[in-house]
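Me: Could you take a close look at one helix in this model for me, and at what it packs against? After that, a quick tour of a few other spots would be great.

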Amino acid sequence: MRLLVTGAAGMLGRDVVAAAESAGHDVIALARRDLDIADPAAVRAAVEAARPDAAVNCAAWTDVDGAEEHEAEATRVNGIGAGNVAAAAPYVVHVSSDYVFDGAASEPYAEDDPTGPRTAYGRSKLAGEHAVAAAGEHAIVRSAWLFGAHGRNFVATMLRLAEDRDEVSVVDDQVGCPTFTGHLAPALVEIAERRLTGVLHVAGGGACSWCELARATFEEAGADCRAVPVTSAEFPRPAERPAWSVLRSTRPEAPVLPPWREGLSAFLRSGVLR
């Protein structure tokens, strides 16, 4: 398969490129510097030149707090840009987010549950879902709490803080599914191979709070640091974080990722501590 990967220099994109190459596919990797997905003419030209069988769109505005002040810019990438890729490619796997939900649930969100984003970032990602769904053959893959070896993320931040602190305060009233990009990436390639369609939830198995994730990180890494639980109200951010970001799939064909703790162990073995 000839696979086009947008956002190929990002944390997830780099793992998707590696997973696709490992699977024997012909990969065209386009980073943000190579392609502005919000430029429809540039996207059409890139797809015409690459002639891919499928595309995996990892390009995204990921600054959740920054989107509150720059919603138009975030939507330009996450909404309009996503639609451009879907319109130009013969088939696209588009990566979306738990932020399309309101976070008020108490049971895991399934693919057909009502959306209702409470943040600019969430609205921009939902706009992308709508644009992709209207443009052509597609799979929309919602995931959550990504961490990986090739970019800034919560786990890496905890490891950095543990280098010179004996305790850190971490929010304990937000619960989600930590997802290792090294596990998510092959699943995205598999979805492209099988040409699945519609919305799929693909995230690390199980669930935990941010504080529980921090504690597990310190334990796995052998770090002498303690995670002290605090509430979201004690740690205000410009963008409201969902209190509940647990995803599950009701689709039997959806790839199933390992438990989040296995993802954490794999991440730490990947060389991030070197």
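Reply: Here is a walk along helix 1 and its packing, followed by some other places worth a glance.

Bear in mind that this is a predicted model. Helix 1 covers residues 11-22, which is 12 residues. At 1.5 Å a residue it should span 16 Å, and its end C-alpha atoms are 17 Å apart, so expectation and model agree.

Now for what is tucked away. The buried residues of helix 1 are Met11, Leu12, Gly13, Asp15, Val16, Val17, Ala19 and Ala20. As for their partners, these buried residues pack against strand 1 (2-6), strand 2 (26-30), strand 3 (54-57), strand 4 (92-97) and strand 6 (146-147), and also against helix 7 (181-194). After the helix comes Gly24, with a positive phi near 90°.

The pairing with helix 7 can be followed residue by residue. The axes of helix 1 and helix 7 are 8 Å apart, and the two helices pack at an angle of about 55°. That angle makes helix 1 oblique to helix 7, because it falls outside the ranges for roughly parallel, roughly antiparallel and roughly perpendicular. The crossing of helix 1 past helix 7 is right-handed. On the helix 1 side, the residues involved are Met11, Leu12, Asp15, Val16, Ala19 and Ala20. Facing them from helix 7 are Thr181, Gly182, Leu184, Ala185, Pro186, Leu188 and Val189. Sorted by class, this contact has 10 nonpolar, two polar and one charged residues.

If you carry on past helix 7, you reach the loop between that helix and strand 10 (198-201), where Arg195 is found. Arg195 has a positive phi near 55° and is not a glycine. Most residues other than glycine have a negative phi. With a relative accessible area of 33%, Arg195 counts as partly exposed. Arg51 also has a positive phi, of about 50°, although it is not a glycine. You'll find Arg51 in the loop between helix 2 (40-50) and strand 3. At a relative accessible area of 69%, Arg51 is exposed.

Helix 8 (residues 210-221) can be checked for length too. Its 12 residues should span 16 Å at 1.5 Å a residue, and the end C-alpha atoms are 16 Å apart, which agrees. Buried in helix 8 are Trp210, Cys211, Leu213, Ala214, Ala216, Thr217 and Phe218. Just after this helix sits Gly222, with a positive phi of about 70°.

Two single residues round things off. Glu129 belongs to helix 5 (residues 120-135). Its relative accessibility is 4%, and buried means under 20%, so Glu129 counts as buried. Leaving aside neighbours within four places in sequence, Glu129 is in contact with Ser96, Val100, Ile140 and Arg142. Thr157 lies in helix 6 (residues 154-162), and at 27% relative accessibility it counts as partly exposed. From Thr157 to Ala192 is 35 residues in sequence and 32 Å in space, C-alpha to C-alpha.

Technical notes: Residues numbered from 1 in each chain as written. Predicted model: local features only at pLDDT ≥ 70, side-chain atom pairs only at ≥ 80, totals over all residues. Heavy atoms only, no water. Helix = DSSP H or I, 4+ residues; strand = E, 2+ residues; numbered from the N terminus. Expected span 1.5 Å × (residues − 1). Buried < 20%, exposed > 50% of the residue type's maximum accessible area, 1.4 Å probe, protein only. Contact = heavy atoms within 4.5 Å. Axes fitted to C-alpha atoms, helices over the stretch in contact; angles between N-to-C directions. Parallel < 35°, antiparallel > 145°, perpendicular 65-115°, else oblique. Left-handed = near helix turned anticlockwise from the far one by under 90°. Nonpolar A, V, L, I, M, F, W, Y, C, P; charged D, E, K, R; others polar.
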